[in-house]
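Thanks for coming. Please have the sequence and the structure open while I talk.

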Amino acid sequence: MKHLKSLFKEQYNPENFFLIAGPCVIEEEELLMTVAEKVSGICKRLAIPYVFKASYRKANRTSVHSFTGIGDVEGLELLHKIGKTFNVPVTSDIHSAAEAAMAAAYVDVLQIPAFLCRQTDILVAAAETGKVVNVKKGQFLSGESMKFAVEKIKGAGNEHIMLTERGTTFGYQDLVVDYRNIPVMKHFGHPVVMDCTHSLQQPNQTSGVTGGNPQMISTIAKAAIATGADGLFIETHPDPANAKSDGANMLRLDLLEELLEKLVELRKVAIKL
């Protein structure tokens, strides 16, 4: 867990969970500034180490008509600006080995999407940047199987690893969360994150837009803290209904503070058990 202290610097609080949060995709600078200012302020007050998250590009979209981003370099430059403005680490996902070095020049954590968690070339390229690598567990994998992703990253000389639980495929249009995966993956010796929003997706909708169940975000988050998650991943937006990506899953920004307050109190109890 030493890399968490290096990542968060003065924000680091080993007694608390850390938070990865932001809008699903970079839509415009104003949105990023609004979310980063609000969430960083809340996290500072509650002593929650914070990583700002937004995707500079959404490569995995159901429909060809879906919004994918404002441009790679433009998006990465905005992420870098957020990090400098609010003095927080930033993260975004990459979709190919060729993107690793480019993204690493702007972000502090490279996120590997769940569908790509077995792609050796992406994992190795991300590891070779020296950045923290956060690998999302595939919807099709057990927690035990993630040891192979860890081995690939370590084999490339990088010990700075996070693993994220984001649900398991349940039929064609739903996901379920197996909380046994949290202690299982923690056994590998790296921080484990619960993705509280993507784990509530309802994929493969005939409309071409992924559905969701955001009213359950609080339940997923509380259960994750109770079962030992080190961090939480929560996508949030001031107006999810009009978001350009994953609006059906994101938590409305004005609901985040109350939820985090409850989770901080729950964490105090959980770490004593």
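Start with Gly-155, which counts as exposed because its relative accessibility is 69%, and the cut-off for exposed is over 50%. This is a predicted model, by the way, so please keep that in mind throughout. Gly-155 sits in helix H6, which covers residues 147-155. Which residue can we pair with Gly-155, 31 residues apart along the chain? That is Val-124, and the two C-alpha atoms are 8.1 Å from each other.

Now a second glycine. Is Gly-83 buried or exposed? Gly-83 counts as buried, because its relative accessibility is 12% and buried means under 20%. You will find Gly-83 in helix H3, residues 72-86. If we set aside residues up to four places away in sequence, Gly-83 touches Val-88 and Val-90. Its C-alpha atom is separated by 9.1 Å from that of Tyr-106, and those two residues are 23 apart along the chain.

Stay in helix H3, because I also want Leu-79, which belongs to that helix. Leu-79 has a relative accessibility of 0%, so it counts as buried. What does Leu-79 touch, once residues up to four places away in sequence are not counted? The list is Ile-26, Phe-52, Ala-54, Val-90, Thr-91, Ser-92 and Val-107. For Phe-52 there is also a distance: 8.3 Å between its C-alpha atom and that of Leu-79, with their positions 27 residues apart along the chain.

Next, two residues in loops. Asn-87 lies in the loop between H3 and strand E3, which is 90-93. Asn-87 is not a glycine, and yet its phi is positive, about 55°. Lys-9 also has a positive phi of about 55°, and Lys-9 is not a glycine either. Where is Lys-9? Look in the loop between helix H1 (2-8) and strand E1 (18-22). With a relative accessible area of 56%, Lys-9 is exposed.

One more loop residue is Asp-230, between H8 and strand E12, residues 231-237. Asp-230 counts as buried, because its relative accessibility is 12%. Which residues is Asp-230 in contact with, leaving aside neighbours within four places in sequence? They are Met-1, Phe-17, Phe-18, Lys-186, His-190, Pro-191 and Val-192. Take Phe-18 from that list. Phe-18 and Asp-230 are 212 residues apart along the chain, but their C-alpha atoms are separated by 6.6 Å.

Now to helix packing, and to two pairs that involve H9. In the first pair, helix H8 (residues 217-226) packs against helix H9 (residues 256-270) at an angle of about 20°, and the axes are 9 Å apart. That angle makes H8 roughly parallel to H9, because angles under 35 degrees count that way. The crossing of H8 past H9 is right-handed. On the H8 side the contact is made by Ile-217, Ser-218, Ala-221, Lys-222, Ile-225 and Ala-226. On the H9 side it is made by Leu-259, Leu-263, Leu-266, Arg-267 and Ala-270. How many of these residues are nonpolar, polar and charged? The contact of H8 with H9 has 8 nonpolar residues, 1 polar and 2 charged.

In the second pair, helix H2 (residues 29-46) packs against H9 at an angle of about 25°, with the axes 11 Å apart. H2 is therefore roughly parallel to H9. The crossing of H2 and H9 is right-handed. H2 contributes Lys-38, Val-39, Ile-42, Arg-45 and Leu-46 to the contact, while H9 contributes Leu-256, Glu-257, Leu-260, Glu-261 and Val-264. By class, the contact of H2 with H9 has 6 nonpolar residues, no polar ones and 4 charged.

Finally, the protein as a whole. There are 9 helices and 13 strands. The radius of gyration is 17 Å, close to the 19 Å that the globule rule gives for 273 residues, so the protein is as compact as a globular protein of that length. The C-alpha trace spans about 50 × 45 × 40 Å along its principal axes. Of the 273 residues, 52% count as buried. Now take the contacts between residues at least 6 apart in sequence: 69% of these join residues at least 24 apart. Asp-230 with Phe-18 is one contact to look up, with those residues 212 apart along the chain.

Terms used:
Residues numbered from 1 in each chain as written. Predicted model: local features only at pLDDT ≥ 70, side-chain atom pairs only at ≥ 80, totals over all residues. Heavy atoms only, no water. Axes fitted to C-alpha atoms, helices over the stretch in contact; angles between N-to-C directions. Helix = DSSP H or I, 4+ residues; strand = E, 2+ residues; numbered from the N terminus. Parallel < 35°, antiparallel > 145°, perpendicular 65-115°, else oblique. Left-handed = near helix turned anticlockwise from the far one by under 90°. Contact = heavy atoms within 4.5 Å. Nonpolar A, V, L, I, M, F, W, Y, C, P; charged D, E, K, R; others polar. Rg over C-alpha atoms; globule rule 2.2 N^0.38 Å. Buried < 20%, exposed > 50% of the residue type's maximum accessible area, 1.4 Å probe, protein only.
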